[in-house]
Amino acid sequence: MRPFTLNYAVPRGIPAVVTPYRFDTSRQLNVLPDGRPAVSDRALLHAAGTTTSTAGSQTHFDD
């Protein structure tokens, strides 16, 4: 028997997340689909808070 409260306390699934930028290995930075650096998009920075890549060291923000 499943307690009634678990129907509301447990998420039903992981929502799909689309990252509007990708890591460009040749330039070593995150870029938007049009090729501009991701840090130049103020709306993206406001929504995401950061565009830090996980391609480099996990301990440094500026990789």
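**Note on the predicted 63-residue chain**

1. Among contacts between residues at least 6 apart in sequence, 12% join residues at least 24 apart. This figure belongs to a predicted model, and the points below should be read with that in mind.

2. The chain holds two helices and two strands. Followed along the sequence, these elements come in the pattern α-β-β-α. Strand 1 covers 22-24 and strand 2 covers 29-31, while helix 2 spans 42-48.

3. On the surface: of the 63 residues, 14% count as buried. The chain exposes about 5500 Å². Carbon and sulfur atoms supply 60% of that exposed area.

4. Which residue has a positive phi although it is not a glycine? The residue is Gln28, with a phi of about 60°. Most residues other than glycine have a negative phi. Gln28 sits in the loop between strand 1 and strand 2. Its relative accessible area is 54%, so Gln28 counts as exposed.

5. Asp24 belongs to strand 1. Is Asp24 buried or exposed? Asp24 is buried, and it has no salt bridge. The nearest side chain of opposite charge is that of Arg27, 4.2 Å away. A salt bridge needs a side-chain nitrogen within 4 Å of a carboxyl oxygen, which means that a separation of 4.2 Å does not qualify.

6. What does Asp24 touch, leaving aside its neighbours within four places in sequence? Asp24 is in contact with Leu29 and Val31. Strand 2 runs over 29-31, so these two contacts of Asp24, itself a residue of strand 1, link the two strands.

7. How many salt bridges does the structure hold? There is one. The side chains of Asp34 and Arg36 form it, at 2.8 Å from N to O. Side chains of opposite charge can pair when their charged atoms come close. Asp34 is exposed because its relative accessible area, 55%, is over 50%. Arg36, at 38%, is partly exposed.

8. Val39 lies in the loop between strand 2 and helix 2. With a relative accessible area of 53%, Val39 is exposed. Val39 and Leu29 are ten residues apart in sequence. Their C-alpha atoms are 9.2 Å apart in space.

9. Two residues to compare when looking at the model are Asp24 and Asp34. Asp24 is buried and without a salt bridge, whereas Asp34 is exposed and has its side chain in a salt bridge with Arg36.

Key:
Residues are numbered from 1 along each chain as its sequence is written. This is a predicted model: local features need pLDDT of at least 70, side-chain atom pairs count only at pLDDT 80 or more; totals for chains, interfaces and linings use all residues. Side-chain values use heavy atoms; hydrogens and water are left out. Helices (H or I, at least four residues) and strands (E, at least two) are DSSP runs, numbered from the N terminus. Buried means under 20% relative accessible area, exposed over 50%, partly exposed in between (1.4 Å probe, protein chains only). Contact means heavy atoms within 4.5 Å. Accessible areas come from the Shrake-Rupley method with a 1.4 Å probe; for residues, only the protein chains shown count as cover. Lys and Arg count as positive and Asp and Glu as negative; His and the chain ends are not counted.
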